[in-house]
Amino acid sequence: MFKVLVSDPISDLGISLLVEASDISIDKKVGLSEDELVAIIGEYDALLVRSQTRVTERIMSAGKQLKVIGRAGVGVDNIDLDAATKRGIIVINAPDGNTITTCEHTFAMMMALARHIPQAYMKTVGGVWDRKSFVGVELRNKVLGVLGMGRIGSEVAARAKAFGMEVYGYDPFLTQERADKLGVRLASVEDVVRDADFITVHTPLTPETRHMLGKDQFSRIKPGVRIVNCARGGIIDEQALVEAIDSGRVAGAAFDVFEEEPPAPEHPFLKHPKIIVTPHLGASTIEAQENVAIDVSEQLLHILRGEAFKNAVNMPPVPADVLAKLEPYFSLGKKLGSFAVQMANGPVKEIAVTYAGDLADVDTQPLTRHIVEGVLGFHLGSDQVNVVNAMHQAKTRGVNIVVTKSQASKGFTNQVSVTIRTDKEERLVAGTLLNGFGPRITQIDRFPVDVEPQGHVVLVSHHDKPGIIGRVGTLLGNNDVNIATMQVGRSIVGGAAIMVLGVDKGVPKEVLEQLTSLPDLNKAKVIHLF
Ligand SMILES: NC(=O)C1=CN([C@@H]2O[C@H](COP(=O)(O)OP(=O)(O)OC[C@H]3O[C@@H](n4cnc5c(N)ncnc54)[C@H](O)[C@@H]3O)[C@@H](O)[C@H]2O)C=CC1
Ligand SMILES: O=C(O)CCC(=O)C(=O)O
């Protein structure tokens, strides 16, 4: 008999599958504190949560029998994934069940914003018949910018078209082909900032998306724009938004999510006449709550019964013999994937991996998953992509994975090379494990190099001319950027070349712009590897 604890309000109908299963005993204890959970979790095999329960390392370490944590919803930011992975606890979510509901909430917010519905309601029920203060705008013929064209963003785009809106979509995985299919204009964040009358965000919160709309974007944003966030607090800089509204640049905003939830009573959104808010209700419909509870209950049953399952968001077990051969390469593989995707411009269409040398004889699937995880995780967020679901995530986003094997490894015992193909270009990075030295990047595009894949790396492409290295070093030094390591690669004397600089901290955007404008320097990019 498996014991399941449900610690958040989750649809009864959705978990009926568990209630009716003869090998499951289920307890519903909602609203427990961390201490209370720690005290009882030891007797349970599975924990089922929504977003209120924070599943901490303490709870997991007390959960001696805990095999699986189910999240009835998409975001797993309330679960300590690293702690779960460390303990071999599988974390599953239900990514599809609340897509439509959250999309509809986004529309409800957008329309309420366009027509001042909450403000007008408050006045009317307060006994004031005010028809002058609440003149709104139509959605028809307006430009809607959708940042994040995944499950929810794509549904929002489809509905916006029915309202007669022109839709701009931005997503690192949105190709021209898919944009055409969805009838949206493939745009950049800059296009959206410049042209959109309404902007809605549907990305996860990652270091990349944090404050994706901030002071800088608001200084250039189309006057009169209205902004909606039903994704995650922090994607839009709350303070900068309030300032942009108060300055008259932004007409208003509708938020379902906050950087800190629940927001403090003095939070500026709560009393602002031009900002409407809901308490993280995006997924709160009867249908969505049933859907996510059914999805997660099914998966949970499969895992407890030792059957195949999907939607795991953390680490799966790898057979011991395979693990012994491949494990040393896992971290390198992920870094090569991340490095390659950060080099490439445009939406990723294909990830081509070549294993050369001894690795060609092994079942490299688990290593490929780490590489794909590195590629996708950079944009999707490390809480959404892992070695279990990386291939599935790539498939659902139309990213092709090609693996080839070769005995020729250019003098190394093994070499792994990762090529990213986008609409715009093809970029390659290769690496190996050097005996006694650890992981090394051995090739970038066609240039041989020897670089340790870690920290902040500045990648410069330039012409092989005297003085260029000095100019780059001086510029970085003058801007307090310390160069820890440097590698230069070229194919022929005086031809195209690259410089790979390991630096001690991130390089500010302005410094990167100054670098790019140096004579004989083509491009400069900062790559983060952690
Ligand atoms: N308010 C609520 O109650 C709910 C909120 N959510 C949140 O909504 C968001 C979207 O959910 P889904 O559509 O299901 O996720 P998804 O994973 O299907 O889509 C997210 C998309 O964001 C894109 N993305 C990542 N980095 C980006 C960047 N820098 N710029 C532009 N796009 C980027 C990804 O490529 C992906 O296509 C998530 O944050 C999720 O947690 C989801 C359900 C309910
Ligand atoms: O369970 C909820 O209501 C939160 C939903 C959510 O934010 C998600 O699924 O990511």
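**Exercise 1. A residue between two strands**

Asp445 lies in the loop between β17 (438–444) and β18 (447–451). Work out what is unusual about its phi angle, and decide whether Asp445 counts as buried, partly exposed or exposed.

*Solution.* A word before we start: this is a predicted model.
- Step 1: look at the backbone. Asp445 has a positive phi of about 50 degrees, although it is not a glycine.
- Step 2: count neighbours. Asp445 has 19 C-beta neighbours inside 10 Å.
- Step 3: apply the cut-offs. A residue is buried with 20 or more such atoms and exposed with 12 or fewer. Asp445 has 19, so it counts as partly exposed.

**Exercise 2. Two more loop residues**

Use the same counting for Asn141 and Gly494, and say where each one is found.

*Solution.*
- Step 1: place Asn141. Its loop runs between α6 (117–125) and β6 (143–147).
- Step 2: check its backbone. Asn141 is not a glycine, yet its phi is positive, at about 65 degrees.
- Step 3: count for Asn141. There are 10 other C-beta atoms within 10 Å, so Asn141 is exposed.
- Step 4: place Gly494. You will find Gly494 in the loop between β20 (483–490) and β21 (496–503).
- Step 5: count for Gly494. Here too 10 other C-beta atoms lie within 10 Å, so Gly494 is exposed.
- Step 6: try a distance. From C-alpha to C-alpha, Gly494 and Gly306 are 61 Å apart in space, and they are 188 residues apart in sequence.

**Exercise 3. Checking the length of a helix**

Helix α5 covers residues 99–115. Test whether the distance between its ends fits the number of its residues, then list its buried residues.

*Solution.*
- Step 1: find the expected span. The helix has 17 residues, and the rule is 1.5 Å times one less than that number, so α5 should span 24 Å.
- Step 2: compare. The end C-alpha atoms of α5 are 24 Å apart, which agrees.
- Step 3: list the buried residues. In α5 they are Thr99, Thr101, Thr102, Cys103, His105, Thr106, Met109, Met110, Ala112 and Leu113.
- Step 4: bring in a general idea. Residues three or four places apart in an α-helix point the same way, because there are 3.6 residues a turn.
- Step 5: look just past the end. His116 follows α5 with a positive phi of about 55 degrees.

**Exercise 4. Following neighbouring strands**

Start at β6 and trace the pairing through β9, β10 and β11 to β12.

*Solution.*
- Step 1: β6 and β9 pair in the parallel sense over four bridges. Val146 has Thr200 in β9 as its bridge partner.
- Step 2: look at the faces of β9 (residues 198–201). Phe198 and Thr200 are on one side, Ile199 and Val201 are on the other, and all are buried. In general, side chains in a regular strand alternate between the two faces of the sheet.
- Step 3: β9 also pairs with β10, again in the parallel sense, over four bridges. Phe198 stands opposite Arg226 in β10.
- Step 4: add the helix. β9, α10 (residues 215–220) and β10 form a right-handed β-α-β unit.
- Step 5: move on to β11 (residues 250–255). β10 (residues 225–229) pairs with β11 in the parallel sense over five bridges, and Ile227 faces Ala253. With α11 (residues 238–246) between them, these two strands make a right-handed β-α-β unit.
- Step 6: finish at β12 (residues 275–277). β11 and β12 are parallel partners over three bridges, with Phe255 opposite Val277.
- Step 7: check how covered β11 is. Five of its six residues are buried.
- Step 8: inspect the loop between β11 and β12, where Pro262 sits. A cis peptide bond joins Glu261 and Pro262, with omega of about -10 degrees.

**Exercise 5. Two ligand shells**

Describe the residues around ligand 1 and ligand 2 by class.

*Solution.*
- Step 1: 34 residues surround ligand 1, and the closest are Gly75, Gly148, Gly150, Ile152 and Gly282.
- Step 2: sort this shell. It has 14 nonpolar, 15 polar and five charged residues.
- Step 3: find the helices. α5, α7 (151–162) and α14 (365–380) each give at least two residues, and the largest share, three residues, is from α7.
- Step 4: turn to ligand 2. Its shell includes Arg50, Asn98, His280 and Ser284.
- Step 5: sort the second shell. It holds two nonpolar, seven polar and one charged residue.

Terms used. Residues are numbered from 1 along each chain as its sequence is written. Chains are lettered from A and ligands numbered from 1 in the order in which they are written. This is a predicted model: local features need pLDDT of at least 70, side-chain atom pairs count only at pLDDT 80 or more; totals for chains, interfaces and linings use all residues. Two strands pair if DSSP finds at least two bridges between them. A crossover is right-handed if, with the strands pointing away from the viewer, the path from the first strand over the helix to the second runs clockwise. A residue is near a molecule or strand if its C-beta atom, placed from the backbone, lies within 6 Å of it. Ala, Val, Leu, Ile, Met, Phe, Trp, Tyr, Cys and Pro count as nonpolar, Asp, Glu, Lys and Arg as charged, and the others, Gly among them, as polar.
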